[in-house]
Amino acid sequence: MVVKSGGEAALAEWQGCFAEFLPGLTLRWWDDPSLDPTAIDYALVWAPEAGRLRRFVNLKAIFGAGAGVDLITRDPDWPSHVPLVRCVPPEAGQRMAEYVIWAALSIVRDARRMVSAQHSGHWDEFEPARTARDYRLGIMGLGEIGQAVAQAVRAVGFQVQGWSRTPKNLPGIRGFAGADERDAFLASTDILVCLLPATPETAGMIAAPLLSCLPKGASLIQVGRGMHHNMADILAALGTGQLAGAIMDVFDQEPLPADHPAWRHPRITISPHNASTPTRRERARFIAGAIQALHRGETFSCLYDPKRGY
Ligand code: NAP
Ligand code: GLV
């Protein structure tokens, strides 16, 4: 298996993890000059340089190092006849659920107000007006991760609804599907969570027309991809009060440039694209299981579908 994820320094850790779950698999670094590309069965990659994957002519499968594989499929020459497996171990849903619960409860409890009061040494006595039960939390994208998040936030007490391309019937979750039901979904969403994949259809979706469908004073938790949102429109919606706040983990340009206005905005909370990053051990266990399933000729849910584009 050839590896390009986490830099060359991470290779030894990957090797140790795979030795535990799939002894016998040899891991080699992506830029190793002694590599024979014809001897490679598997690739484990995050953002391969365009044109590089197709040199491995005997690939049996490509494993994304993350759940979203857009940094692989952006290569016009990626070998799309080879199975591409998105890396979604169970810990990915758990980690994302923890992030969204943290973000949503920080909205419910007005955590920014408390941090700001602490900075100025001000005993700002206030009671949150509402509890989680009073908020309608809407998740765009009810896939592997979106569904795990939906169940977890429901358990905290939020009224949960979701929007997906095809209809879903999930216990206790109000479902909306397709372009026709999008605006009704948005109109009944107080906290909007983005967990969509990066596709031509979802590019630039979180922009003024979508934001104007939300109830005034709604909040955004953006954990999808930077390409989903238009930052100028988010800043404008924060300016008018259409959006009360935004908690953002992903950006068009990462790392976010030091002079970006989002850093200093009083109602934006930023995290460094770490909402859900399973450990290498968690990912190796998942990938080892996927390799064994492929050997047995089984199919599984995290295969990228070139027709859908995710
Ligand atoms: P997934 O299983 O492929 O689910 C994608 C969901 O989006 C599905 O419910 C799908 O609908 C829906 N969808 C796709 N296109 C749509 C459209 N045009 N309109 C409405 N719904 C649409 O993906 P996942 O594993 O849950 O991951 C979702 C995304 O989360 C990743 O692609 C990545 O961008 C992001 N992510 C971020 C982090 C982070 O740390 N920030 C970590 C992991 C993942 P159907 O169910 O009908 O197919
Ligand atoms: C992280 O962003 C992932 O797609 O796993």
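Visitor: In which loop does H273 lie?
Guide: H273 lies in the loop between strand 12 and helix 9. Helices (H or I, at least four residues) and strands (E, at least two) are DSSP runs numbered from the N terminus. The model is predicted, so local features need pLDDT of at least 70 and side-chain atom pairs pLDDT 80 or more, while totals for chains, interfaces and linings use all residues. Residues are numbered from 1 along each chain as its sequence is written, chains are lettered from A and ligands numbered from 1 in the order written, and side-chain values use heavy atoms, leaving out hydrogens and water.

Visitor: What is phi of H273 near?
Guide: Phi of H273 is near 50°, a positive value in a residue other than glycine. Most residues other than glycine have a negative phi.

Visitor: How does H273 count in relative accessibility?
Guide: H273 is partly exposed, at 26% relative accessibility. Buried means under 20% relative accessible area, exposed over 50%, and partly exposed in between (1.4 Å probe, protein chains only).

Visitor: And what about D110, where is that?
Guide: D110 lies in the loop between helix 3 and helix 4 (111-119). Its phi is also positive, near 50°, and D110 is partly exposed, with a relative accessible area of 31%.

Visitor: Which residues lie nearest the centre of the second largest pocket?
Guide: They are L71, R225, F251, E254 and H273, out of 27 lining residues. On a 1 Å grid over the protein atoms alone, a pocket is an open set of points with protein on both sides within 12 Å along at least five of seven lines, unlike a cavity, where a 1.4 Å probe fits but cannot get out; lining residues have an atom within 4 Å of a point.

Visitor: Which helix gives the most to that lining?
Guide: Helix 2 (residues 70-73) does, with three residues.

Visitor: What joins E254 and P255?
Guide: A cis peptide bond joins them, with omega about -5°. P255 lies in the loop between strand 11 (243-248) and strand 12 (268-270).

Visitor: Now the sheets. What is the order of the open sheet of seven strands?
Guide: The order is 8-7-6-9-10-11-12, with parallel pairing. Strand 8 (174-177) and strand 12 each have a single partner strand, so one side of each is left without a neighbour in the sheet. Two strands pair if DSSP finds at least two bridges between them. Strands 11 and 12 pair over three bridges, and the bridge partner of A246 in strand 12 is I268.

Visitor: And the order of the open sheet of five strands?
Guide: That order is 2-1-3-4-5, also with parallel pairing. Strand 2 (28-29) and strand 5 (84-85) are its edge strands. Two bridges join strand 1 (residues 2-4) to strand 2, and V3 stands opposite W29 in strand 2.

Visitor: Which strands does helix 9 lie across?
Guide: Helix 9 (residues 280-295) lies across strand 3 (42-45), strand 4 (61-64) and strand 5, at about 155° to strand 4. Contact means heavy atoms within 4.5 Å. Axes are lines fitted to C-alpha atoms, for helices over the stretch in contact, and angles run from 0 to 180 degrees between N-to-C directions.

Visitor: Which residues of helix 5 are buried?
Guide: In helix 5 (residues 144-156), I145, G146, V149, A150, A152 and V153 are buried. They pack against helix 3 (90-108), strand 6 (136-140) and strand 7 (159-164). Helix 5 runs at about 170° to strand 6, and G157, whose phi is positive, near 125°, follows helix 5.
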